[in-house]
There are 2 protein chains.
Amino acid sequence: MKILILGAAGMIGRKLLAHLAANGGPGGAPIKAVLLHDVVDPVPPAGLPFPVEGSSGDYAVPGVAERLVAGRPDVIFHLASIVSGEAEARFEEGYRVNLDGARALFEAIRAVPNYAPRLIYTSSLAVFGAPCPDVIDDDYLCAPASSYGIQKAMVELLLADYSRRGFLDGVAIRLPTICVRPGRPNAALSGFVSSIMREPLNGQEAVLPVEEAMRLWIASPRAAVSYLMQAATIDTAPLGARRSLNMPGVSVTVGEQIEALRRRAGDEVARLIRRAPDPVVARVVGDWPQRFSATRAIGLGFVGDADFASILETYITEDLAPARA
Amino acid sequence: MKILILGAAGMIGRKLLAHLAANGGPGGAPIKAVLLHDVVDPVPPAGLPFPVEGSSGDYAVPGVAERLVAGRPDVIFHLASIVSGEAEARFEEGYRVNLDGARALFEAIRAVPNYAPRLIYTSSLAVFGAPCPDVIDDDYLCAPASSYGIQKAMVELLLADYSRRGFLDGVAIRLPTICVRPGRPNAALSGFVSSIMREPLNGQEAVLPVEEAMRLWIASPRAAVSYLMQAATIDTAPLGARRSLNMPGVSVTVGEQIEALRRRAGDEVARLIRRAPDPVVARVVGDWPQRFSATRAIGLGFVGDADFASILETYITEDLAPARA
């Protein structure tokens, strides 16, 4: 099996590669080669049990996607995108990368004869916009309140059509807010969700721009990688024309996050969170959906995190402890 | 007020122009000029009470949309599209015209300084795909089962984002199946819905490709024009980021259509309908939604046809009688 990871230098891309190295391809299939692509050169770790090729560049530029699919990868993970804050700040660039880039990829695939790879696209709960019901079911309207959400929803529609027409075999997974993201904050408006856990655990101050009552729909990076692998193996026939799936998550308030941190790491750590209300962040994130039924995904075998305490534990085990070791 | 009609040579475009000539602009505003554009030269009727300029060409070609909005029309009716059957048969052309064309128009508008015209976009119930509930409410998922529906749903999303960002002031109206369309059949898969009324009333045979039990969501061309005018005048502030509206319609089975024809025009006329089941048409049209709550639109003052008998009467009064006079 040949695998292409687009957006391979990002956090999820690197964790996905580590998972493939440890567990083999989707369904345990042996991996012949992995092609990693990102706007910056992906740096794969040493000692991988399969050949890895790195490639960098702007995948929305004509010709790049054609080159990426020339080797006919069997499975494509499309994780690349400009994040929400940047897509809002840079209107044209958001559409160029997030929409036109994905379309260029789909078109490049369509141009390869007798080829319809499994394509897993990471969408987002930003495809939903206020007002949302308390629990969003699988038939609820996508009415995004951000350019990023609009772009994700548009690519979901394209993916569904290209799948229906047989040009590719797509699955779009709408990831919850990922927490705890290791490393440095990115430009996502949801950055604080990880930051208020990660920085204190690393002995640093974190800024909380929203109320503690704000409720979020969260999954660990480990759960996100398991969703990607599951999406690469499921039978897509039962999906019909509806190729987008709301992923399972944990519904938790910011206050519950902080309480879990306090229980795990103590008062002193939890006190490193400084309240600095930011009405812009509060308004945008406050409109995000807080809870999903995720009925279809659960029925298809997608399994999420048990609770927020285990999400925190995942970070400590997978990222914090190795970094200190 | 200056008005631009894109897709002006089509049936709705011509009826809209006649309405403007008889009633003035949206809200009764005096009309300074109307610009008509279509892929073929629109031929306006003589004696219009305002200056009319005609323009033809492919509006998806770079430069055309810029020219169309250079005069800063206050209201733009975007009715242009490749119909469902053609968008399914010609994949690339469907995306080029229906998606890229609309995007080129929105981009041309965005490029004009201090300009955010009211833009009315005719969408379609093809944005919904099976399985649908018996009655579709305003929060129901858009999961199109055709390339045409995908393109319409994508443009709706773009329209919402361009509106939210203040680049234009858009309203997308999802028109029911229009019946009775005057003139010749077009390539829409729903063509029979009008054909089985129109051809018999004109003494000609019509072909019915579906079962009489098939239920449809229908509006007259007169109702469609009234929706366009209403969409041009409503206060868009209450719409928020949700700029797409399901339009009111009449839910009717094909059998009820035929019975209404029989009652109005007699057995001999109704006998001109020849049954010739076409599984392809039956499958596609059978998946279309059959009934909507249209709660938001009704609350905003959109008023549809009373019943199917009055829809039939509208055709006889507006189209059949004048053609025979």
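A residue is called buried if 20 or more other C-beta atoms lie within 10 Å of its own, exposed if 12 or fewer do, and partly exposed in between, with C-beta atoms placed from the backbone. The structure is a predicted model, in which local features need pLDDT of at least 70 and side-chain atom pairs count only at pLDDT 80 or more, while totals for chains, interfaces and linings use all residues. Residues are numbered from 1 along each chain as its sequence is written, and chains are lettered from A, and ligands numbered from 1, in the order in which they are written.

By the definition of burial, B:Val112 is partly exposed, because 16 other C-beta atoms lie within 10 Å. B:Val112 belongs to the loop between H4 and S5 of chain B; helices (H or I, at least four residues) and strands (E, at least two) are DSSP runs, numbered from the N terminus. Leaving out residues up to four places away in sequence, B:Val112 touches B:Val69 and B:Arg72, where contact requires that the C-beta atoms of two residues, placed from the backbone, lie within 7 Å. B:Val112 and B:Glu66 are 46 residues apart along the chain, and their C-alpha atoms are separated by 8.7 Å.

Two further residues of chain B were examined. B:Tyr95 lies in helix H4 (residues 91-111) of chain B and is buried, with 22 other C-beta atoms within 10 Å. Apart from neighbours within four places in sequence, B:Tyr95 is in contact with B:Asp100 and B:Gln151. The C-alpha atoms of B:Tyr95 and B:Tyr148 are separated by 8.3 Å, with these positions 53 residues apart along the chain counted as their separation. B:Val135 is found in the loop between S5 and helix H5 (147-164) of chain B. B:Val135 counts as partly exposed because it has 13 C-beta neighbours inside 10 Å. When residues up to four places away in sequence are not counted, B:Val135 touches B:Arg291, B:Phe292 and B:Ser293. From B:Val135 to B:Arg184 the separation is 49 residues in sequence and 31 Å in space, C-alpha to C-alpha.

Strand pairing was assigned next. Strands of a sheet pair through backbone hydrogen bonds, either parallel or antiparallel. Two strands are taken to pair if DSSP finds at least two bridges between them. Strand S4 (residues 75-78) of chain B pairs in the parallel sense with strand S1 (residues 2-6) of chain B, over four bridges. S4(B) also pairs in the parallel sense with strand S5 (residues 118-124) of chain B, over four bridges. B:His78 of S4(B) stands opposite B:Leu6, and B:His78 also stands opposite B:Tyr121 in S5(B). In a regular strand the side chains alternate between the two faces of the sheet. In S4(B), B:Val75 and B:Phe77 point one way and B:Ile76 and B:His78 the other way, and all are buried.

Another sheet in chain B is open and has three strands in the order S7-S9-S11, with mixed pairing. Its edge strands are strand S7 (177-178) and S11 of chain B, each of which pairs on one side only. S7(B) and S9(B) pair in the parallel sense over two bridges, and B:Ile178 has B:Ala219 in S9(B) as its bridge partner.

Helix H12 (residues 308-324) of chain B has 17 residues and reaches 23 Å from its first C-alpha to its last. This is close to the 24 Å expected at 1.5 Å a residue, the expected span being 1.5 Å times one less than the number of residues. H12(B) has a kink of about 35°, centred on B:Ile316; the bend at a residue is the angle between axes fitted to the seven residues ending there and the seven starting there. The buried residues of H12(B) are B:Phe308, B:Ile311, B:Leu312 and B:Tyr315. An α-helix has 3.6 residues a turn, so residues three or four places apart point the same way. The cover over the buried residues of H12(B) includes helix H6 (191-201), strand S9 (215-219), strand S11 (250-253) and helix H8 (254-265) of chain B.

Finally, the two chains were compared. A rotation of 180° with 0.0 Å of shift along its axis superposes chain A on chain B, with an RMSD of 0.0 Å; the fit is by least squares on the C-alpha atoms of residues with pLDDT of at least 70 in both copies. That is the relation of a two-fold axis. The C-alpha of chain A nearest the axis is that of A:Leu141, 2.0 Å from it. The contact takes 18 residues from chain A and 18 residues from chain B.
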